[in-house]
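Work through these exercises with the structure open beside you. Try each task before reading its solution.

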Amino acid sequence: MKVPFSWLKEYVEIDISARELEEKLFSCGFEVEELIDLGKDVENVVVGRIEACEKHPDADRLTVCTVDCGELGKRQIVTAATNVFAGARVPVALDGATVKHEGGVQKIKTGKLRGVVSEGMFCSGEELGINDDFYEGAEVNGILILDMGTPLGVDIRPIVGIDDYIFDIAVTANRPDCQSIYGMAREVAAVLKKPLKRLVETDFHPVSTDVKFSVEVKEPKLCPLYVGSYVKDVKIGVSPRWMRRRLALMGLRSVNNVVDITNYVLLEVGQPMHAFDRKFLHGDKIVVRRAEEGEKIVTLDEKEFTLHPDNLLICDGERPVALAGIMGGLNSEIKGDTTEVFLEAAVFARDSVRKTSRALGQRSDSSARFEKGVYEIFPWMAMTRALILMEELGCGTPTKCTAVGNLNSPSEYGGIAPKMIETTYEKIDGLLGIHVPKEEVYDILKRLGFGVTDMGASFSVSVPLERGDIDGWPDLAEEVIRMYGYEHIRPTFLENASVTHGGLTPAQKQELHFKETLVGEGYSEACGYSFYSEKDLDLLRLPADAPERRAIRIKNPLGEDLSVMRTILAPTMLQNVVRNVRRGNDSGRLFELANVYIADMLPLEMLPEERKHVSIALWGEGDFFDLKGAVEAVGEAFGLRFGYERGERPFLHPGISARIKLGEREVGWIGELHPAIAEGLALERRVCLCELDYAAVSAKFRKGISFTPVPKFPDVQRDLAVVVDEGVTCAELEACILHACKAAKRAELFDVYRDARLGAGKKSVALHITFAPDPAADKPISPETADGFFNKIVSNLRRCLGAELR
Amino acid sequence: MDDTEKMVEEATAEAERAESSRALYEVKMKFLGRTGKVTALLKSMKDLAAEHRPAFGKRVNAVRERLEEMFSSFEQRVKERELEAKLSSEQIDVTMPAKRRSKGALHPITRTRMELIDIFSGMGFEVFEGPEIENEHYNFTALNTPPDHPARDMQDTFYITDEFLLRTQTSAGQIRFMEKREPPFKMLSPGRVFRSDDDATHSPMFYQMEGLVVDRGVTMCDLQGMLDEFARTMFASTSKTRLRPSYFPFTEPSVEVDVSCAACGGAGCALCKGTGWIEVLGAGMVNRRVLENCGVDPDEFTGFAFGMGIERIAMLKYGIGHIRSFTENDVRFLEQFKD
């Protein structure tokens with residue numbers, strides 16, 4: 001909310017600087033996001049009177065002027081402007097001055113122009129940062145010519161009205177009452193402990209009329225209140241300077257006196273208003289209704305919209321004349337020849353205005369204001385204020401013809417019953433934890449416009465009608481402390497509270513341990529968005545019926561790229577790899593542990609399952625087996641024995657890919673990225689990916705460590721080399737060995753050898769076998785016993801896998 | 001000089017010439033070995049007359065002892081020399097790289113999150129994680145934000161259907177926790193949250209951590225006391241907090257909490273934009289309606305809640321300038337967080 005300092009001062013006597021006020025506002029809950037000093041860029045510019053103008057001796061386009069700057073003396077200034085003349089009073093930027101220039105600041109120095117000394121510069125309105133609404137003539141092409149009576153030698157800023165500050169205030173969503181100058185003035189008065197001037201000091205004098213307007217609200221929920229008033233004898237003209245300047249300070253251009261009044265009231269009171277030309281309102285009738293499907297309206301800015309029943313319309317007896325709360329229709333616009341006006345001040349449901357505004361892509365100051373919320377007191381305040389201004393500015397004559405639609409309150413302005421709250425001083429103190437003196441509580445609430453009745457230990461308040469946010473005693477506690485000051489809060493440490501036991505759950509601890517295990521293996525933790533694009537699944541060549549395609553879609557995504565909730569982490573990981581490689585990180589190791597979202601039914605009818613997955617990747621250095629090492633490290637850390645089976649995935653190298661199993665259950669996959677996909681992504685070096693269903697894996701984590709006594713005697717090792725068919729896997733050999741002999745604890749492959757002499761389709765595989773003695777045994781494994789184990793293994797290998805000892 | 005003396009002399013001379021322990025051994029064997037000269041002398045004793053044998057034997061044995069002593073002293077010298085040579089030849093460049101596999105790093109968000117959990121679990125907070133896809137009730141309505149409430153505009157929400165949405169705040173977890181648990185309790189709810197906002201300072205997904213304390217007689221002073229403790233542990237032992245009024249639908253009163261700038265100690269610097277304070281979190285006394293919505297009697301229990309952005313804390317803690325860095329996953333960024 002932008003609030004000009006000078007405008008605030010109209011309602012509150014402010015005797016502190018803008019900076020000081022900024023701090024006061026900050027302490028009571030209004031952060032000033034920016035304090036704009038309007039005249040900051042215009043320094044050392046004064047009023048001067050041109051005494052003489054002569055042609056520049058060497059340049060046809062330049063004029064050499066002598067200018068009288070009063071007490072500051074005379075200056076010679078060379079100008080290219082053509083609208084200067086002897087006797088004109090103009091802004092003179094002296095040596096060392098600054099002015100605005102093309103969005104920045106320009107410094108002015110004495111210099112020579114084509115050999116003639118120029119001791120400064122004349123300024124245009126643009127160079128002072130003003131337009132016609134600030135000062136007449138500011139927009140002429142040339143130098144700003146000031147009024148004849150302007151005193152010489154004085155600072156230009158107060159003359160053109162830029163000796164002012166604008167507070168850009170962050171107003172929280174619960175305070176729509178502060179979305180106006182007067183609303184902010186109320187807060188300022190309270191925090192400065194100054195009286196607030198009444199918005200309406202005088203009254204207007206409505207005249208009788210034969211004109212009768214009727215208002216019919218067909219959608220009372222979307223339009224809780226509609227107030228209209230007929231004004232006659234309207235004379236369209238220019239608004240007074242003070243009003244034009246204020247509108248200009250707020251970034252609005254003056255249109256004409258009637259439109260300006262509606263805009264002015266919007267800013268001052270925070271109530272959007274609209275003025276219709278009565279002669280275009282058929283039947284002197286207003287109907288507030290939903291649009292019919294396909295109905296059209298052309299708004300003031302000459303845009304045509306095709307409407308939907310969600311859109312609320314203001315209609316006359318026959319047709320739409322405004323898009324409710326957003327913009328008036330072109331068909332009933334105020335024009336130069338308007339002589340009668342129907343003014344509207346209404347409450348429209350914020351949600352309805354927002355939806356229509358978004359759906360149509362049509363925004364206005366009015367719609368922005370309605371979206372923040374308008375209370376029912378506002379139309380009454382606004383209408384009164386607008387009618388007073390109409391009368392004051394000689395813009396029209398208010399009449400007794402006021403038409404109200406959907407009136408819930410027993411009577412008009414002031415008749416709405418205020419909310420009452422009764423509470424105790426003790427409750428307020430109890431919540432805050434400090435004692436606020438009774439007189440302070442009373443005084444603060446009074447200053448904020450509450451009616452307060454002290455009843456000893458308790459008190460009751462009537463809530464100001466514009467404070468719809470207040471609905472219980474904790475709200476009063478907040479009002480008290482924000483005005484009393486948060487610096488009064490004394491930090492304590494739960495003096496009365498119970499002892500509670502904190503910390504992570506076992507599952508949360510395991511998750512951290514899981515991550516740390518991968519970190520120990522050289523993998524860094526990545527963090528990816530929970531959503532991606534359908535195209536990412538295309539990239540993985542997942543078929544249309546793949547379960548990963550059953551993804552939850554976001555209704556209003558930021559874009560297609562972030563529109564689908566993840567069902568698999570691999571696409572994000574692949575993007576990480578691509579991004580790293582493009583940035584010159586030729587090798588790396590990453591993992592991510594995050595949720596995938598699995599819908600039982602689409603569209604969602606219940607909360608989906610959020611299932612933790614872990615994605616692991618390496619690229620550049622390392623291969624399938626390095627990545628497999630990460631999985632094995634997890635197995636080791638959590639007491640799991642993963643099984644691996646050849647298994648293809650559309651995005652993995654068909655020969656270098658596996659299913660990962662725990663017992664019979666498939667819990668993930670691992671493999672090298674399909675070379676065709678890698679090529680498509682310009683990945684020249686090998687990329688290996690793995691994804692585990694963390695939820696399934698963690699369910700099988702070893703529950704604590706169980707100790708078995710260490711055997712008294714050492715393990716015995718034997719090496720074995722056998723020739724087998726190419727198709728026999730390491731896992732098969734291992735299983736066969738361990739199955740053959742109970743004492744065999746481990747069988748670890750250490751060499752694979754291929755040679756023509758072994759025969760076609762054959763390979764030699766060498767393994768270390770470790771025999772462990774029974775912990776209860778009273779003697780070591782003898783060489784003879786070990787030989788016996790070995791022979792048993794060899795014969796089992798021969799029988800099961802056709803293996804021959806080498 | 002008799003033969004034996006000559007032999008000692010000869011052996012000593014040869015031993016002196018021996019450069020290596022191998023050569024010395026050969027010399028030793030030449031005299032003392034099975035086929036050595038001293039052995040030969042002993043063997044020749046059988047050719048002597050019996051009465052001469054004891055004297056001869058004594059002499060030869062004396063020679064052997066002298067030779068053994070001599071060789072052992074030479075052996076020691078040679079070994080020392082050899083060790084010296086070996087040591088000097090085996091000098092390495094100790095600055096050459098070590099043999100190990102480099103570790104990875106936990107993500108800075110995980111690190112920060114763990115640090116926060118550590119601080120608060122020490123104060124008795126348990127950790128609760130709610131779902132990321134929420135329904136409207138838990139994300140808004142139960143948090144005193146009914147449909148059409150202005151606060152719904154404060155957050156741009158990603159919707160799945162009219163009912164289901166991506167949670168915009170970890171506060172949603174508050175309600176689920178309170179429905180299950182009877183006060184008193186202290187809980188912490190960290191996790192991913194989502195808002196349809198994507199620019200230089202906003203990411204559509206980020207992490208929050210919500211804290212909630214419900215007990216008898218909990219006050220605003222307790223809130224500040226706890227946050228002071230948090231700031232001192234997380235930032236600097238001299239850190240202070242400042243409360244200023246704000247608005248959240250689920251707390252009343254609501255405050256923004258600033259922490260004194262750890263970079264300048266509150267004097268004002270570029271980090272705190274000259275104010276001496278850094279906005280770190282939002283907090284407040286739990287709104288009575290929220291307690292009621294969860295079946296907690298607001299006349300018996302009061303509570304406070306606070307919520308912070310984990311990225312924001314991490315950015316302050318590590319001096320990270322861009323929120324994007326957290327999701328780009330550049331290994332050069334991530335690997336700086338090893339420990």
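Domain bounds come from an automatic or database domain assignment. This is a predicted model: local features need pLDDT of at least 70, side-chain atom pairs count only at pLDDT 80 or more, and totals for chains, interfaces and linings use all residues. Residues are numbered from 1 along each chain as its sequence is written, and chains are lettered from A and ligands numbered from 1 in the order in which they are written.

**Exercise 1. The outline of chain B**

Task: find how far apart the C-alpha centres of domain 1 and domain 2 of chain B lie.

Solution. Start with the bounds. The assignment for chain B gives domain 1 as 2-89 and domain 2 as 108-337. Their C-alpha centres are 89 Å apart. Next, take the extent of the chain. The C-alpha trace of chain B spans about 130 × 45 × 45 Å along its principal axes. Then check the radius of gyration, taken over C-alpha atoms; the globule rule is 2.2 Å times the number of residues to the power 0.38. For a compact globule of 339 residues it would be near 20 Å, but chain B has 42 Å.

**Exercise 2. Two residues of chain B**

Task: decide whether P131(B) and V280(B) are buried or partly exposed.

Solution. First, the cut-offs. A residue is buried if 20 or more other C-beta atoms lie within 10 Å of its own, exposed if 12 or fewer, and partly exposed in between; C-beta atoms are placed from the backbone. Now count. P131(B) has 18 C-beta neighbours inside 10 Å, so P131(B) is partly exposed. V280(B) has 23 inside 10 Å, so V280(B) is buried.

Place both residues. Helices (H or I, at least four residues) and strands (E, at least two) are DSSP runs, numbered from the N terminus. P131(B) sits in the loop between β1 (126-127) and β2 (133-135) of chain B. V280(B) belongs to strand β8 (residues 277-286) of chain B.

Last, list partners. Two residues are in contact if their C-beta atoms, placed from the backbone, lie within 7 Å. Leaving aside neighbours within four places in sequence, V280(B) contacts V257(B), D258(B), V259(B), M308(B) and R312(B). With residues up to four places away not counted, P131(B) touches L607(A) and E610(A).

**Exercise 3. The contact between the chains**

Task: find how many residues chain B and chain A each put into the contact.

Solution. Chain B puts in 74 residues and chain A puts in 79 residues. On the side of chain B, helix α9 (residues 220-234) gives the most, with eight residues. Now sort that side by type. Ala, Val, Leu, Ile, Met, Phe, Trp, Tyr, Cys and Pro count as nonpolar, Asp, Glu, Lys and Arg as charged, and the others, Gly among them, as polar. The side divides into 35 nonpolar, 18 polar and 21 charged residues.

**Exercise 4. A strand of chain A**

Task: find which residues of strand β18 (residues 312-315) of chain A point one way and which the other way.

Solution. L312(A) and I314(A) point one way, L313(A) and C315(A) the other way, and all are buried. In a regular strand the side chains alternate between the two faces of the sheet.

Now find the partner strands. Two strands pair if DSSP finds at least two bridges between them. Four bridges join β18(A) to strand β15 (residues 285-290) of chain A, and these run antiparallel. There, R290(A) stands opposite L312(A). Three bridges join β18(A) to strand β19 (residues 320-323) of chain A, also antiparallel. Here L313(A) faces L323(A). A hairpin links β18(A) to β19(A) through four residues.
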